[in-house]
Amino acid sequence: MGFHSDRYIGNTLLKMYVDCGAVGFARKVFDEMYVRDVVSWSSMIAAYVACNSPSDALAVFQEMKLANEKPNSVTLVSLLSACTKMVNVSAGESIHSYITRNHMEMDVALGTALFEMYSKCGQIDKALLVFNSMPRKNLQSFTIMISALANHGRQKDAITLFTHMEDIGLQPDSLSFSVILSACSHMGLVSEGKNYFDRMVRLYNIKPTVEHYGCMVDLLGRAGLIQEAYDIIKNMPMEPNAVILRSFLGACRNHGWVPSLDDNLLSKLESELGANYVLTANVFSICASWKDANDLRLAMKQKGLKKTPGCSWVEVQN
């Protein structure tokens, strides 16, 4: 009917395909559009980011520059997300330079995307500079920055920022407490973690989720308080998931003590994950249950399961 020449209809059709996850159809609409505006380009970039094709998103941005279409804040947020997924700090720095050169307003969404990119790429000091320079911040900004600090081993700074967030009147939510409880766990701050958990329930009336209970089990387990961790698992209002059980069993192995497991919590672990068999066998070995340990290793071999080895990577001179 000829409506494909109308850019408003084209943009809406493009967004419909993007929201449905049909990136191939979205690209077909994009390529057939006679006239594209910043909304068209931004939608196509966001589509590739959403479907985990960040390199394609950056390629579209290069086409956008050749077409002399200026990106807006929404475009740059998507591009920064692509850089974060690719751990491409060079491209992220280029976008930061573009923002500075063009005197673009560092709104909450853009600032948050920028400092999150720096933090995920290991540049925590640059992330802090961007965060502190933002004229406005919301709860999401604070939560992401607190999480970044905790992930970079700066748990004390994370706790300080959490306190500052409360002092300026921002009320933490369920995710904020998950982040700060995790920070306490990695620092071994047992009393502080218990205090945050109590405040979450009593002061903010937030119902604990399985993630919060998992943080507490991890906190107590790391500190060697195995029985307290076990009591939390037993008294949870929901079934413990495999992550919590692995954390608990890992603590049992590390501290050389196992509580009574007569309720067969081990059966709730994923039966097709080789690492679970190895971890559980190690726990049985600690308490001298050699037959149980051997049975588990035999079952693992019969199912053809293997424990995936851990790995790390580090970037040196690009």
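This passage looks at how three helices pack together and at the largest pocket in a predicted model.

Residues are numbered from 1 along each chain as its sequence is written. In this predicted model, local features need pLDDT of at least 70 and side-chain atom pairs count only at pLDDT 80 or more, while totals for chains, interfaces and linings use all residues.

Helix 3 sits in two of the packings (helices are DSSP runs of H or I, at least four residues, numbered from the N terminus). Helix 1 (residues 7-19) packs against helix 3 at an angle of about 10°, with axes 10 Å apart. That makes the two roughly parallel, a label for angles under 35 degrees. Here Asn-11, Leu-14 and Val-18 of helix 1 meet Val-39, Ser-40, Ser-43, Met-44 and Ala-47 of helix 3, where contact means heavy atoms within 4.5 Å.

Helix 3 (residues 38-50) also packs with helix 5 (residues 73-86), this time at about 20° and with axes 9 Å apart. Again, the pair is roughly parallel. On the helix 3 side, the contact involves Val-38, Ser-42, Ile-45, Ala-46 and Val-49; helix 5 brings in Thr-75, Ser-78, Leu-79, Ser-81, Ala-82 and Lys-85.

Then there's the largest pocket (on a 1 Å grid over the protein atoms alone, an open set of points where a 1.4 Å probe fits, with protein on both sides within 12 Å along at least five of seven lines; lining residues have an atom within 4 Å of a point). Its lining counts 14 residues, with Val-210, Glu-211, Gly-214, Cys-215 and Val-243 nearest the centre. Helix 11 (174-187), helix 13 (210-222) and helix 15 (242-255) each supply at least two lining residues.

Methods
Heavy atoms only, no water. Axes fitted to C-alpha atoms, helices over the stretch in contact; angles between N-to-C directions. Parallel < 35°, antiparallel > 145°, perpendicular 65-115°, else oblique.
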